[in-house]
Amino acid sequence: MTEAFEPKITAFVCNWCTYAGADLTGTSRIKYQSNVRVLRLPCTGRIDFMLLAKAFARGSDGVIVSGCHPNDCHYTSGNYHARRRWMIYRNLMDFMGIDTRRVTFSWVSAAEGARWAELVNEVTTTVRALGPYTEYKELALTGVE
Ligand code: FES
């Protein structure tokens, strides 16, 4: 008997909003899918394509990038930079043959614990339906540490 596929989701979240929001989800005892592993960044402005690539190379089936809402970034414009980069990353992923539905950019504030749970559940459901992601590991990044 084969086990049902459970996706591994890596979440890159900003320290000031989404990380605190995810913490609120826990302290509010809101239940959500346990497929996500959270990596805290100072700001989503720190995200770069190699972080996404490494997440996939190391076995993630999906990625979430989430930070402060527009005009709430603690570094003024990091979330705007992240949003602009996402436009480029999406084209690059498409060019490389990576299904863009595997990456979700979002905004979750420190007060939105329920929104974090919703986001994780939505992404987990989407990625579970897409199935395991092994193509990228075979595609390019041999030697990525
Ligand atoms: Fe949260 Fe910049 S500090 S996105």
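These legends go with close-up views of a predicted model.

**View 1. The annotated span, end to end.** UniProt, in an unreviewed entry, lists residues 9-131 as "domain: F420-non-reducing hydrogenase iron-sulfur subunit D". In the model, the C-alpha atoms at the two ends of that span sit 12 Å apart. Helix makes up 46% of the span and strand 19%.

**View 2. Strand β1, covered on both sides.** Here's β1, residues 9-14, with six of its six residues buried. One side carries Ile9, Ala11 and Val13, the other Thr10, Phe12 and Cys14, and both faces are covered. The partner in this view is strand β2 (residues 36-41), which runs parallel to β1 and is joined to β1 over six bridges. To get your bearings in the pairing, look for Thr10, which stands opposite Arg37 of β2.

**View 3. Two buried cysteines.** Cys14, in the strand of the previous view, has a relative accessible area of just 3%, so Cys14 is buried. Cys43 comes out at 9% relative accessibility and counts as buried too, because the cut-off is under 20%. Don't go looking for a disulfide here: the structure holds zero of them.

**View 4. Arg40 over a tyrosine ring.** This one centres on Tyr19, with Arg40 lying over the face of its ring. The distance to the ring centre is 4.1 Å. Arg40 itself belongs to β2, the strand spanning residues 36-41.

**View 5. Helix α2 and what sits at its ends.** Helix α2 covers residues 49-57, and its buried residues are Phe49, Leu51, Leu52, Ala53, Ala55 and Phe56. In an α-helix there are 3.6 residues a turn, so residues three or four places apart point the same way. At the start of α2, a side-chain oxygen of Asp48 comes to within 2.8 Å of the backbone nitrogen of Met50. Just after the helix, Gly59 takes a positive phi of about 110°.

**View 6. An edge-to-face pair reaching out from α2.** The model has three aromatic pairs. The one shown is Phe56 with Tyr133, edge-to-face, with 5.3 Å centre to centre and 80° between the planes. Phe56 lies in α2 and Tyr133 in the loop between α4 (113-130) and α5 (135-139), so the pair ties together parts that are 77 residues apart in sequence. Both Phe56 and Tyr133 are buried.

**View 7. Two positive phi values in one loop.** The loop between β3 (62-67) and α3 holds Asn71, and Thr76 has its place there as well. Most residues other than glycine have a negative phi. Asn71, though not a glycine, has a positive phi of about 75°, and Thr76 is another non-glycine residue with a positive phi, near 75°. Are these side chains' residues buried or exposed? Asn71 is at 64% relative accessibility, so Asn71 counts as exposed, and Thr76, with a relative accessible area of 61%, is exposed as well.

**View 8. Met87 on helix α3.** Met87 is found in α3, the helix of residues 78-96. At 40% relative accessibility, Met87 counts as partly exposed, because that class runs between the 20% and 50% cut-offs. Phe105 is also marked here: 18 residues separate Met87 and Phe105 along the chain, and their C-alpha atoms are 10 Å apart.

Key: Residues are numbered from 1 along each chain as its sequence is written. This is a predicted model: local features need pLDDT of at least 70, side-chain atom pairs count only at pLDDT 80 or more; totals for chains, interfaces and linings use all residues. Side-chain values use heavy atoms; hydrogens and water are left out. Buried means under 20% relative accessible area, exposed over 50%, partly exposed in between (1.4 Å probe, protein chains only). Helices (H or I, at least four residues) and strands (E, at least two) are DSSP runs, numbered from the N terminus. A polar contact is a pair of N or O atoms within 3.5 Å; within protein, one must be able to donate a hydrogen and the other to accept it, and residues adjacent in sequence count only if both atoms are side-chain atoms. UniProt positions are given in the numbering used here, feature names are shortened, and annotations may be inferred rather than shown by experiment. Rings of Phe, Tyr and Trp (its six-membered ring) pair if their centres lie within 6.5 Å; planes under 30 degrees apart count as stacked, over 60 as edge-to-face and the rest as tilted. A charge sits over a ring if NZ of Lys or CZ of Arg is within 6 Å of the ring centre and within 35 degrees of the ring normal. A disulfide is a pair of cysteine sulfur atoms within 2.5 Å. Two strands pair if DSSP finds at least two bridges between them.
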